[in-house]
Amino acid sequence: MQTKLSKAYNPHEIEPRISQYWQGKFVAPHNPQGDVFSVVMPPPNVTGALHMGHALDNTLQDVLTRWKRMQGFAALWLPGTDHAGIATQIKVEEKLREEEGLSRHDLGREKFLARVWQWKEMYHQRIVGQLKKLGISCDWSRERFTLDEGCSRAVREVFVRLYEKGLIYRGEYIVNWCPRCQTALSDIEVEHEEKDAHLWHIKYPLADGSGHVVTATTRPETMLGDTAVAVHPGDERYRELVGKEILLPVAGRRIPIIADESVDPEFGTGAVKVTPAHDPNDFEMGRRHNLPLVTIMDTRGRMSAAAGKYAGLDRYQCRQALLQELEEAGLLVRTVDHRHALGHCDRCNTVVEPLVSKQWFVKMKPLARPAIEAVRRGEVEFIPGRFAKIYFNWMENVRDWCISRQLWWGHRIPAWYCKCGETVVAVEEPSACPRCGGRELVQDEDVLDTWFSSALWPFSTMGWPEDTSDFRTYFPTSVLVTGYDIIFFWVARMIFTSLEFTGQVPFKHVYIHGLVRDELGRKMSKSLGNGIDPLDVIAEYGADTLRFALLTGAAPGNDIRFQQDRVEAGRTFANKLWNAARFVLMNLDGDPGPVAAAHADLPGRWILRRFNETVAAVTANLEKYELGEAAREIYEFIWNEYCDWYIEAAKLGLKGDDTQRRATQAILKKVLTGALQLLHPIMPFITEEIWQHLEQGSIAFSQWPRAEEASDGSEFELVMELVRAVRNIRSELNINPGQQIPALLYVNDAAVYAALAPWVCHLGKVSELQVMTHGEKPREAVGRTLSFGEVLVPLRGVIDVGQEIARLEKEKKALDFEVERIEKKLANPGFVTKAPPAVVREERDKLDSYRSKRELVLKRLADLRGE
C-alpha cells in the first residue's frame, strides 16, 4: 500500500491502470450463498459505436451493480451485444458495393454471411473496448451475443413452441414494407413524421353515367388498385348510391360503392377510395366486404403490371403522371394543402409502403393478457410509475407481430417446405418430410425480427432452455435499465415471452431513463451537428468526469441536457477530492486506529454526524433509484462539508496534543474512506486509486457504509454561520482574505458562545473574537444579524472608512446613471413595441441587476456611516 499520492490527479494515467487491475475481478459466483442481484445489459448493436445514450445507460447500471456488490450481494451484470439484423446487413452491403462493386446476391448467402461474421468480429471488439473505457464492472466471462449458439437454440425453441400452440402462423397480410431495405417492418419499426402534403379530390364517375362521387386521397397513385368506394351507412348524401358501381378512372374497372362504419363522414368528401392491397385500414375493410386485392406496386416501390401503362414507373413518378392525366380529363377537382403523419423506416428513413405479403406472425392477444395482469399486480414495477401507462396502452391495443424479415443476417426461420406442400417447423433441421418421406426440404429464406431474439435476452443469456445454475440463481433479474423509447420494442416483449416460457416475470423493476440531449434540449443528431462523442469526453477529462456529468443531471424518466459546465464541474470535483486525500495522507503518521468518540473535538463530532446522515441519504436515494440525487448528496458532503469546513477545522486539531492529534487523524481517515465508498459507484477510478493508498484490497469489494449513532456536534454549525457572516463582510469591503480582523459577537449567553472562539478565529481569520451580552457598539463597524445574535467587524485600523465611502459614492453614481438610462429606454413605447422580445427582455434583466447592485451599495454606505 502506497502512502503518497502524486501532486496532480491524472485520469489518463490512472484509469487504464485501474481498469487493468479490475480485469477478472467482477466474475459473479456460480452458486452463491445469500442475497443475489442481477441485471442484463441492453445489448448495443455490434456494428455501433458508443454514444451518449450507451454511456448513460451503462453508467446507471454500473452504479447499481457496484452499490449492491458493496452491500454484500452476489452481483451479476451480464454483458452482451446484438446482431442488429437490418442495421448490420445494410452496412456490410454498402461496404461491398462501395469497395468491390458487388451485391449480396453476387456473393450468395453463405459467402455473404461469412463477410458479415468478419465484420461482426471486428466491430464487436471496438464496442466492447469502448464500454470498458467507461469503467463498467460487468462479468465479461459471461458475455453473450444474440446469434451465439445458446441464444440461437433458445430462439428456435421459442419459435417451435409458439407454432405448436398456434401462436405463430404464416399468412398473407398487409405489412409495412421498406422499398430500400427490401423487408417487412413491424409497426414499431416505423417512425411517423409530420409532413406538409396535399389532399387531392378526384371525380369517380358512376358506371351508369348518372353522376359521380368525389373522393379525397393523399396517395393518388394507389387508385389504380382501388376495388371499392366506401361511405358511412348513416351519411344521407350517399344513401341512394350504396350498391351502385363506379367506373374507376384510368383503369376502367367497375368497382362497387359500399357502406362501412369505419368511414369518417367528416374527412374529405365523406367518400373514400378503398385499396385493400396498399392500406392497412382498407385491407381490413376489404376482408369485411370480400373485396379482391389488386397489387399495383412491387417491393421496390415501382408500379407493377397491374398499373397498366404506368408499369415500371417509380411510385412518385407515377403520381405526377397520373395527376396530370386526371387533370386533363377534368377529373381532378381540387388540390388542398394537408399536413399528415408519414411512416418512415427507422433504419434508412425511406417512406414505407403498405404491401400485402406472405409473412410470419405472432398472435399477440393471448400473450399480452398475462403480461398486462403481471404489471397490474405489481410483479413488475415501472420507475417512474407513469411509464406503466405507455406499456398498458400499447399492450391493450397490440396487433399481431410480423416477425419475418427478408434478410440474410439473423436467426433464420426454423421452417422447412416440402414439395408435397408440408411445412415442417422444428428446432433441428429435419432429415425427411413427415408426410411423404421426401428429403428435398427447403428452409424458409427469411430471418426473424431482431427484437424476437432480444425479447428472450433475460433468460436465454442465463442458459434457458437448459436448467442451468445461472438460470436458477440469477433469474428473474433484479432490474432492467433502459430508455423510454423502447418500452414497446423491447420491455413489453421481454415480459410476455418470459411469462410464457419461464412462468416468471423477467425483472422486478424497470428503471426508465430519458434521452441525452444537447445544452439547448435538442436531440443529438448528425443533421444538427450537435452530437458529442463520449469517447472524446473520456479522452479529455476521464471516464469518472463523464459519469459524474451524466449522473448529476439524471432523474428517473427525464431527459438530460448534457452541459459542458457539468463536465468542468466533474473535473474540478475530482481535483478537489484528490487534493483532500493528499492532505489526509500527508498528515497521517501510520494508522491512527479507530475513532475514539470521547476524544473527538467539536468539528470532529459534527463531521461524524453529517457523514452518518449522508450515508443514510445516499443509501435511501439509491434504494429509490434516485441516482442523480444520491450523486448530489455525496458531492455536497465531500465538497462543502468535508473539504471546505472539516479539513480546515482539522488543521487546528492536528496542532493539538497527541491525544487530540490522533483523534483528528482517525476522523479524517474514517470520513474520507467512507466518503470514497459512497462515491465509488459513481466515480470508480479515482476512488479506487485513493482507497489503495489508505486501505488494503479493492474498494469495489469493501463493505458499504452503514449509518451509525454519532455525537451531535451541531454547535459547529453556529461556527459556520458566524464565519460565513465575517467572510461576507470581508468580501463586501474588499478586505484581503488573509488579513486578520477583529470581530464582536453579541449574544444572550456569552459563556456558551465563547467556547466557539478558537474555531471562529481559525476559520474566519479573526484576530480576536470578543463575545458579550451588552455594551456600546462601535459607530464605524459593519454588522450582520445571525440566528443567535449579531456579529460586527470594527473598521478602525482595518480599512480607510472615508476612502471606502468615496469609492462607494462613485459606484452609486455610475449605477444611478445606468438605472435612469434603461428606465427611459423601457418607458419608450417605440423601443418596447419594435425591438425583438429577446432584446427587451435583456434590457429588463440589466435593469433588475443594476437596481440590486445599487441597493447593496446603499446598504454598505449606511453601514459605514453608522446609520
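This presentation walks through selected local features of one protein structure, which is a predicted model.

Good morning, colleagues. I shall begin with the empty space in the model. A general remark helps here: rolling a probe the size of a water molecule over the atoms shows where empty space is left. The search gives two cavities of 30 Å³ or more. The largest cavity has a volume of about 60 Å³. Its lining includes Ala-84, Gly-85, Ile-86 and Ala-87, together with Glu-189, Arg-347, Arg-405, Leu-407, Asp-449, Thr-450 and Trp-451. Two elements, α3 and α11 (450-454), each give two or more residues to that lining. Of these, α3 contributes the most, with three residues.

One of the lining residues, Ala-84, deserves a closer look. Where does Ala-84 lie? Its place is the loop between β3 (80-81) and α3 (85-100). Ala-84 has a positive phi of about 50 degrees, although it is not a glycine. With a relative accessible area of 2%, Ala-84 counts as buried, because the limit for that class is under 20%.

A second residue other than glycine with a positive phi is Asn-349, where the angle is near 70 degrees. Asn-349 belongs to the loop between β13 (332-345) and β14 (353-362). Is Asn-349 buried or exposed? The answer lies in between: its relative accessible area is 44%, so Asn-349 is partly exposed.

The strands on either side of that loop, β13 and β14, bring us to the second largest pocket, since both give two or more residues to its lining. About 1400 Å³ of space lies in this pocket. How many residues line the second largest pocket? There are 46, and Thr-218, Arg-219, Asp-279, Pro-280 and Asn-281 lie nearest the centre. Besides β13 and β14, the elements giving two or more residues are β5 (168-178), β7 (190-205), β8 (212-217), β12 (271-274), α7 (280-289) and α8 (315-328). Strand β7 supplies the largest share of the lining, eight residues.

I turn next to the aromatic side chains. A pair of aromatic rings is described by the distance of the centres and the angle of the planes. Across the whole structure, 34 aromatic pairs are found. One of them joins Trp-22 and Phe-26 in a tilted arrangement, with 6.0 Å centre to centre and 55 degrees between the planes. Trp-22 and Phe-26 are both buried. Another tilted pair is formed by Phe-548 and Tyr-635, at 5.6 Å centre to centre and 50 degrees between the planes. Why does this second pair merit attention? Phe-548 lies in helix α16 (residues 543-551) and Tyr-635 in helix α19 (residues 627-653), so the pair ties together parts that are 87 residues apart in sequence. Phe-548 itself is buried, with a relative accessible area of 4%.

Ring pairs also build a cluster, which links Phe-159, Tyr-163, Trp-360, Trp-401, Phe-452 and Phe-496. Two lysines sit over rings as well. Lys-132 lies over the face of Trp-140, 5.1 Å from the ring centre. The charged end of Lys-825 is placed over the ring of Phe-831, at 5.4 Å from its centre.

Now to the backbone. Which peptide bonds should you inspect for a cis form? The bond from Ile-383 to Pro-384 is cis, with omega near 0 degrees, and Pro-384 is in the loop between β15 (381-383) and α10 (387-396). The bond from Trp-464 to Pro-465 is also cis, with omega near 15 degrees. Pro-465 lies in the loop between α12 (457-460) and α13 (469-474).

Helix α2 offers a simple check of geometry. At 1.5 Å a residue, the 19 residues of α2 (residues 52-70) should span 27 Å, and the end C-alpha atoms are 27 Å apart, which agrees. The multiplier is one less than the number of residues. This helix is mostly covered, as 18 of its 19 residues are buried. After α2 comes Gly-72, with a positive phi near 100 degrees.

I close with Ala-259, in strand β11 (residues 254-259). At 26% relative accessibility, Ala-259 counts as partly exposed. What does Ala-259 touch, leaving aside its neighbours within four places in sequence? The contacts are Val-231, Pro-233, Val-242 and His-289. Ala-259 and His-232 are 27 residues apart in sequence, and their C-alpha atoms are 5.4 Å apart in space.

Thank you for your attention.

Terms used. Residues are numbered from 1 along each chain as its sequence is written. This is a predicted model: local features need pLDDT of at least 70, side-chain atom pairs count only at pLDDT 80 or more; totals for chains, interfaces and linings use all residues. Side-chain values use heavy atoms; hydrogens and water are left out. Helices (H or I, at least four residues) and strands (E, at least two) are DSSP runs, numbered from the N terminus. Buried means under 20% relative accessible area, exposed over 50%, partly exposed in between (1.4 Å probe, protein chains only). Contact means heavy atoms within 4.5 Å. Rings of Phe, Tyr and Trp (its six-membered ring) pair if their centres lie within 6.5 Å; planes under 30 degrees apart count as stacked, over 60 as edge-to-face and the rest as tilted. A charge sits over a ring if NZ of Lys or CZ of Arg is within 6 Å of the ring centre and within 35 degrees of the ring normal. On a 1 Å grid over the protein atoms alone, a cavity is a set of points where a 1.4 Å probe fits but cannot get out, and a pocket is an open set with protein on both sides within 12 Å along at least five of seven lines; lining residues have an atom within 4 Å of a point. Grid points are joined across faces, edges and corners, and a volume is the space filled by probe spheres set on the points.
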